[in-house]
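Colleague: I would like to take a close look at one part of this model, and I would be glad if you explained each term as you go. Could you begin with a single pair of residues and then work outwards?

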Amino acid sequence: MKKRKLEENIFKALMIISLLGVFAALAGIIMVVAVKGLSSLNLSMIIETPKGGYYLGKEGGIANAIVGSLYLMAGATTLAFIISLPVALALQKEYLSKRFADFTRLVLDILWGTPSIVYGVFGFVIMVYLGMRASLLGGIVVLTLLMVPIMVRAMDEAIRLVPFEMKEMAYALGTTRVETTFAVVLKQAMPGIVTAVILAFGRGIGDAASILFTAGYTDDIPTSLLDPVASLPLAVFFQIGTPVPEVQARAYAAALILLVIVIVINIIARILGWRFARHIVR
Amino acid sequence: MRPKLKMPSKKWVTRKESGNNHSEMNQRLNKRKVKDNVASVSARGILIFVNFLALLIFCGIFWKALPILSLVSLPELLFSSSWHPMKNEFGLFPFIIGTMAVTLLAMIISLPVCMLTSIYLSEYAKRRFREVSRFAIDILAGIPSVVYGLCGVLVIVPLVEFMGELIGVQTTGYSLLAGGIVLAVMVIPFIVSISMEVLRMVPEPYRESALALGATRWETVKYVVLKKARSGLIAATVLGFARAFGETMAVLMVVGNVAQIPTSLFDAAYPLPALIANNYGEVMSIPLYDAALMSAAFILMLVVTLFSLTAHYALLKVGKTIA
Amino acid sequence: MSKIKIKKLSVSYGNHQVLNEVSLDIPERQIIAVIGPSGCGKTTLLKSMNRLLDLNEDVAVSGDIAIDGENIYRPDIDVNALRKRVGFLPQRPYPLPMSIFDNVAFGPKIHGLDVSSLSVVSNKEREGKGNKGTQRLVEHYLRLAGLWEEVKDRLNAPAAKLSIGQQQRLALARVLSIEPEIILADEPTSALDPISAKLVETQFKILKENYTIIFVTHILRQARRLADYIIFLYMGDLIEHGPAVRFFGEPCDEKTKAYISGEIS
């Protein structure tokens, strides 16, 4: 009996240590980024573009990256949403055989797991084929590719949670499949769909590897879809590597902004989930 | 039987049955049917499109990688250590080893932590605490890889350098070990959230029956819960492995990037994703360099796909054994 | 005249046979109770009559069901039109994820019904088409379901906020709103508290003037209270059917006697 209790206690202690370790990692990351970032963050950092080159110029801020990320994400999130919602709705069993839908789910899961660098490479191949340079458009397209599997699968999960009895109720009124889908399923799954969009946004905004070749990097704010564009994750990546402390400060500021965005997104996802839940039937 | 039109004088009167109304409804119904059929066809179309897109990515990369095999044989590509693009020597072996080493190291570090954490959260923690922890883990999972990389550069690299000094090894800190640690922290939230879900899938009665026999919590976990959830936990691990395998930026920032086969934890390594990220985009000048990097991308994609498939079938099995 | 004629109806899910060659005629404008122990195919029989069964996977139906002489399992039959004629009230009322108002307005909107064809409405009101008309329509059906007084001040509230008894009457209003001829009800009171159940039963008695109501129940007393006609199923077989008075008064079959006296349940 004593031995059994001892074993229990040892493992319990190990578990608590592990859990504390995980929390400590999170706290540590937030602290490091906050300390470094806050000391480099000021107004000119946010509203100015870098002067004298982003790699060596000591003056200026990361407005190019902030606006760039905004442009990229606005485009990619919109495109990904336009593609993902129909796909997720089409995965319902009313439209297609379960086998085909499940196969597509598997394909999407594989795409979800595919490293983002592969998307970057693929996007670049396509762009070379089309004779395009690294540009806002290229970045948007590649980020869209990256976000679609995430969005679809998250939406799909939400849609599958719609109770069968509720759909049955709609069909019993003599509705067609489309009518049921748009009037009932879409409404009921709305919180999940919103969460899916936000989740995919969170993944997209932090991804650097996919836009490394496709969006490029620049000091300026792009004026057309074919201009190269800066972005927050690449602002961190490029500017941390320089020997100039002022430039590194820009990397810290960018990292802090990214971190704040990720945390805010997680909170918003939860709150929006509740707000859209007004008409939801549990 | 009642005569059909014995309408009571009450106000429960139904619609007038006029012929006009009927044909109007029929027309409307036809329109609705057309819409429904259009939707159904587009549903099929859009799913075919998605599958086609996936195929396109796969084939596109394969097709761009193929030319490399006209220059070097497949075994040479995979097992030669000589990487001199200028001299048309493309051996990916150091990079493959680098990827495997850093991934394995990350898994060795993270797996015990992941399992213990998810068991604690699923089996011991109160609901409230579990929810809060899940929130923290979601945030950890959402942190961009460049931020992990940044923290790696600021904290882990100096730490590794210091450790190297302690045991008398020359190192810059940018090393296999630093890459492994950063990668381990990155995959933890990923594996934990899947494992937790799998563990929660084990129905309560299994636990109750073990506890009712006088087993301790831990014994219940060890003999009942883990047995039931085994293939799900394997799936979680495999998915974590796949995630680590393809992770690019964070590792790239701390691993040193020297094209060599690392012989100790404190040596620099050069994983495949880092190779692609560092060199792709400027390869157009050298013939076949492009194809060599493409073959690296193809290897990444192939391995990750295999892992995903494995995990998929393992998870299917869980669904069957538990339900 | 019989409304529904069922001939040799057999239904199976996969290898599991749920109904065996059930044949019967169902009279018009009465309350018909389908009774029998749980798992005997009552719900399946009900759902076969508006082809809601089609939504299940690997279900096989053979035999035919004719409503007003028209076989509803003919391949060219239109299920949407069929389901408009045959309404369905579920066991647990799932309100649609919209406001109370929209829950009732949804069916008429889909089918293009509007207030102008409602003869109960005065000529003046009939002119108020569009929004005004829909309001009149919604009020009409909510009154018909006996829910109007309770919800008239909060029509825009989410239907999910209603109590379960109110939700069931809302479901009834929704069924009525598509002007069916037949109402199928699957244990419509089993999820309700006694008072709500009583309200629903009262509405049924009023509605049978104009509708054929077929309801499934496992409560024998409820069948006695409400039904004019009884169908007794046991293990997928039709054992006995007939007017309630005869069924309870002088049952022919041994199994029926046993069921009525409570020996099998």
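Which residue in S5(C) stands opposite Ile67(C)?

Modeller: The residue that stands opposite Ile67(C) in S5(C) is Glu70(C). Before going further, please keep in mind that this is a predicted model, in which local features need pLDDT of at least 70, side-chain atom pairs count only at pLDDT 80 or more, and totals for chains, interfaces and linings use all residues. Residues are numbered from 1 along each chain as its sequence is written, while chains are lettered from A and ligands numbered from 1 in the order in which they are written.

The strand pair around these residues consists of S4 (residues 59-67) of chain C and S5(C), which run antiparallel and are joined by 2 bridges. Strands are DSSP runs of E with at least two residues, helices are runs of H or I with at least four, and both are numbered from the N terminus; two strands count as paired if DSSP finds at least two bridges between them. Strands of a sheet pair through backbone hydrogen bonds, either parallel or antiparallel.

S4(C) and S5(C) belong to an open sheet of 4 strands in chain C, ordered S2-S1-S4-S5, with antiparallel pairing. At its edges are S2 (16-27) and S5 (70-71) of chain C, each of which pairs on one side only.

Chain C also has an open sheet of 6 strands, in the order S6-S7-S8-S3-S9-S10, and here the pairing is mixed. Its edge strands, each pairing on one side only, are S6 (86-89) and S10 (237-243) of chain C. On average, and with direction ignored, neighbouring strands of this sheet are turned by 15° against each other. Inside the sheet, S7 (residues 182-186) and S8 (residues 212-216) of chain C run parallel and are joined by 5 bridges; Ala185(C), for example, has Phe215(C) in S8(C) as its bridge partner.

Helix H7 (residues 164-177) of chain C packs on this 6-stranded sheet, where H7(C) touches S6 and S7 of chain C, and the direction of H7(C) makes about 170° with that of S6(C). Such angles run from 0 to 180 degrees between N-to-C directions, with axes fitted to C-alpha atoms, for helices over the stretch in contact. H7(C) is mostly covered, as 13 of its 14 residues are buried (20 or more other C-beta atoms, placed from the backbone, lie within 10 Å of the residue's own; 12 or fewer would make it exposed, and a count in between partly exposed). The end C-alpha atoms of H7(C) are 20 Å apart, which agrees with the 20 Å that its 14 residues should span at 1.5 Å a residue, because the expected span is 1.5 Å times one less than the number of residues. After H7(C) comes Glu179(C), whose phi is positive, near 50°.

To place all this in the chain, note that the domain assignment of chain C gives domain 1 (2-95 + 178-260) and domain 2 (96-161), with bounds that come from an automatic or database assignment. The C-alpha centres of these two domains of chain C lie 28 Å apart. In contact across the boundary are 6 residues of domain 1 and 10 residues of domain 2 of chain C, contact meaning that two C-beta atoms, placed from the backbone, lie within 7 Å.
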